[in-house]
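Hi,

Here is the structure you asked about. Please open it alongside this email, and my notes follow below.

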Amino acid sequence: MEQKKLVAQAIVDATDGQLSLDEVMSKIEVPKSYDLGDYAFPAFILSKVYRKAPQQIAPELVEKIDQDGFDKVEAVGPYVNFFLDKKSFSKNVLAAILQKKEGYGQQDLGHAGNVPIDMSSPNIAKPMSMGHLRSTVIGNSLAELLKKANYNPIKINHLGDWGTQFGKLIEAYKLWGSEEEVRKDPINTLLKYYVHFHEVDEKQPELDDEARAWFKKLENGDEEATNLWQWFRDESLKFFKSIYQKLGIDFDSYNGESFYNDKMDEIVDLLEQKNLLQESRGAEIVDLEKYGLNPALIKKTDGTTLYITRDLAAALYRYRTYNFAQSLYVVGNEQTNHFKQLKAVLKEMGYEWADNIHHIPFGLITSGGKKLSTRKGNIILLEDVLNDAVDLAKKQIAEKNPDLPNKDQVAEDVGVGAVIFHDLKNERLNNFDFNLEEVVRFEGETGPYVQYSHARAMSILRKAGNIDLENAQLAGLNDEESWEVVRQLSNFPAMVGRAVEEYEPSVIAKYSIRLSKSFNKYYAHTKVLTDDDQKDSRLAMVASVAIVLKESLRLLGVNAPNEM
RNA sequence: GCGCUUGUAGCUCAGCAGGAUAGAGCAACCGCCUCCUAAGCGGUAGGUCAUCGGUUCAAUUCCGAUCAAGCGCACCA
């Protein structure tokens, strides 16, 4: 960044103030090829001012530029190409990383503002599928990223522990359930009842009425209903937590939908006071015509509440509790409309802070091209995927590194890491069809590739012994392969910034691959542990790579074993 | 019908908020371990950047239209 400004200033000086620093800054680009330098200025915009071809202007600019502090400045066609002083630049970057360690890349974008993140949010009595993985893993990574940018994230697991489906579940349990069966295998048994309910329900729609009645009882605090509900919830949560542990993710709050049960009257009252509620087809709605949206259904004909009513209560509660700088919802793309409605209703209520609510949508995971559906039993169990991945990692270890210590832990790190990384590697909004082989792949642009690169770096450092790199006088590096690594290293802070601004963990995932690639290339080309005057600099670079790779993986929620 | 999202190599995807010959990974074929972990490195092959217009010195990138796919569109969440 500093360097870019230096380059821009050089251009400004050479053009006698024809262009402002900002103008030049926005035009300066990074060439894609090594031999075109580190920064380039395209001279096209000057052709109007000087009434000359840009190909003529470029060499004239080079004449006027003070080449001090650069390895070289040259004109190629209409471009002025700048080559940084590699030795001093690399020395500075490496020294900074070694000094800041995992604090490298930290920045103050958030001024310690609170950011509740609504994430994961599985439904009670249903298994976690690959769809929940996305929300969990994206939310977790965003939390880490926000923390690094000096926000204070609050991870909220907004459990789906309320709603008509509990009426259905209770009805199903009353009809076909056995306590013993549920105790043995809670989730799968409850799921079985739920799926069965929907099968029977097709032919006996009157079951729906029964289910609705049970939910109504639940909302009114009926003892039997409440006890069953509590039991289902406890069992489910126990199971969910085992998966979260495997993923290495925890939450600051498990306040789910039921938590807002007693906070909805206030919302309804407020809406009434503000004259926003209308009756329509026997239900209570808020008209959102002027936002170009469908009306928001606040209360059903039978008087029970809906999803959006609870979300309104939750939004208000979060505002009061956290006085948030931003409030994020990591929820699938298919719910975009719901969040537009949510924000619109809050706006209608006069809450300006609705502008700080952001829906972070992500693409749909399908299986065999079809949408996953709990009701239809078309699900991919997250548990199975994680187990498969870890098993595969164990096999790889047995094959490639049988003497490895902590085999089981490393297999967990690598297997789970592969699954998480696969999910975060691509842009959030991309849909993808689930393919186990692809998810648990360990070669190519994958999590294990990055982990492996880190492990290799650590291995070199181990062999180097105790060297005080922090206080060493670095000579700097200037060969082509190390230059690519240094450039990548210097980009890390900017990548963190972009990932935070775009709420996009994939920025970091892709960056970590790029850094790994440049490092592996370097590794294949240069022997680090050779005694000469650049050895300390090479080691400093290897140490920096290890730090930044580990930190990148951490921001994604992936562990980086020292050996694998 | 309306809204949101997407359309780049056989497959999966990048392309830094317009620029110099469009890049990876996988799959295919061919090389590289007496040398710091071959979960690696290198090479070959593969593209009218969905189509048509517009803005610009310059468009895969911005705007509009068309086509195709996915997802939504009141008593599920």
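How do the residues of the surface near RNA strand B divide into nonpolar, polar and charged? The split is 24 nonpolar, 17 polar and 25 charged. Please keep in mind that this is a predicted model.

**The RNA surface**

RNA strand B is surrounded by 66 residues. The closest are Y79, K300, E445, Y452 and K517. Of the RNA atoms that come within 4 Å of the protein, 63% belong to sugar and phosphate.

Several helices and strands supply at least two residues each to this surface. Among them are β3 (79-84), β7 (283-286), α7 (164-176), α15 (382-400) and α20 (506-525). Helix α18 (447-464) is also on that list. Which element gives the most? That is α18, with seven residues.

Three polar contacts are worth a look on screen. Each touches another part of the RNA:

- Sugar or linking oxygen: one such atom of RNA strand B is 2.3 Å from an N or O atom in the side chain of E257.
- Phosphate: the side chain of K400 has an N or O atom 3.0 Å from a phosphate oxygen of RNA strand B.
- Base: a base nitrogen of RNA strand B lies 2.8 Å from a backbone N or O atom of M564.

**The β2-β3 hairpin**

Strand β3 is one of the elements at the RNA surface. What is its pairing with β2 (residues 70-76)? The two strands run in the antiparallel sense, over six bridges. F70 stands opposite L84 in β3. Together β2 and β3 form a hairpin, with two residues between them. G77 sits in the turn and has a positive phi of about 60°.

**The annotated motif**

The UniProt record, an unreviewed entry, annotates residues 122-132 as a short sequence motif, the 'HIGH' region. In the model, the end C-alpha atoms of this span lie 6 Å apart. The span is 27% helix and 0% strand.

**Aromatic pairs**

The count of aromatic pairs comes to 23. One of them joins F239 and F240. Their ring centres are 6.3 Å apart and the planes meet at 55°, a tilted pair. F240 has 0% relative accessibility, so this residue counts as buried.

Why is the pair of F324 and W353 called edge-to-face? The planes stand at 85°, so the pair falls in that class, which takes angles over 60 degrees. The ring centres are 5.8 Å apart. This pair links distant parts of the chain, 29 residues apart. F324 is in the loop between α13 and β9 (327-330). W353 is in the loop between α14 and β10 (357-360). Are these two residues buried or exposed? F324 is buried, at 4% relative accessible area. W353 is buried as well, at 9%.

There is also an aromatic cluster. Y173, Y193, W231 and F232 form it.

**A loop after α18**

I467 is found in the loop between α18 and α19 (480-502). Its relative accessibility is 32%, so I467 counts as partly exposed. The C-alpha atoms of I467 and L539 are separated by 8.9 Å. Along the chain, these two residues are 72 residues apart.

Best wishes

Conventions:
Residues are numbered from 1 along each chain as its sequence is written. Chains are lettered from A and ligands numbered from 1 in the order in which they are written. This is a predicted model: local features need pLDDT of at least 70, side-chain atom pairs count only at pLDDT 80 or more; totals for chains, interfaces and linings use all residues. Side-chain values use heavy atoms; hydrogens and water are left out. UniProt positions are given in the numbering used here, feature names are shortened, and annotations may be inferred rather than shown by experiment. Helices (H or I, at least four residues) and strands (E, at least two) are DSSP runs, numbered from the N terminus. A residue is near a molecule or strand if one of its heavy atoms lies within 4 Å of it. A polar contact is a pair of N or O atoms within 3.5 Å; within protein, one must be able to donate a hydrogen and the other to accept it, and residues adjacent in sequence count only if both atoms are side-chain atoms. Ala, Val, Leu, Ile, Met, Phe, Trp, Tyr, Cys and Pro count as nonpolar, Asp, Glu, Lys and Arg as charged, and the others, Gly among them, as polar. Two strands pair if DSSP finds at least two bridges between them. Rings of Phe, Tyr and Trp (its six-membered ring) pair if their centres lie within 6.5 Å; planes under 30 degrees apart count as stacked, over 60 as edge-to-face and the rest as tilted. Buried means under 20% relative accessible area, exposed over 50%, partly exposed in between (1.4 Å probe, protein chains only).
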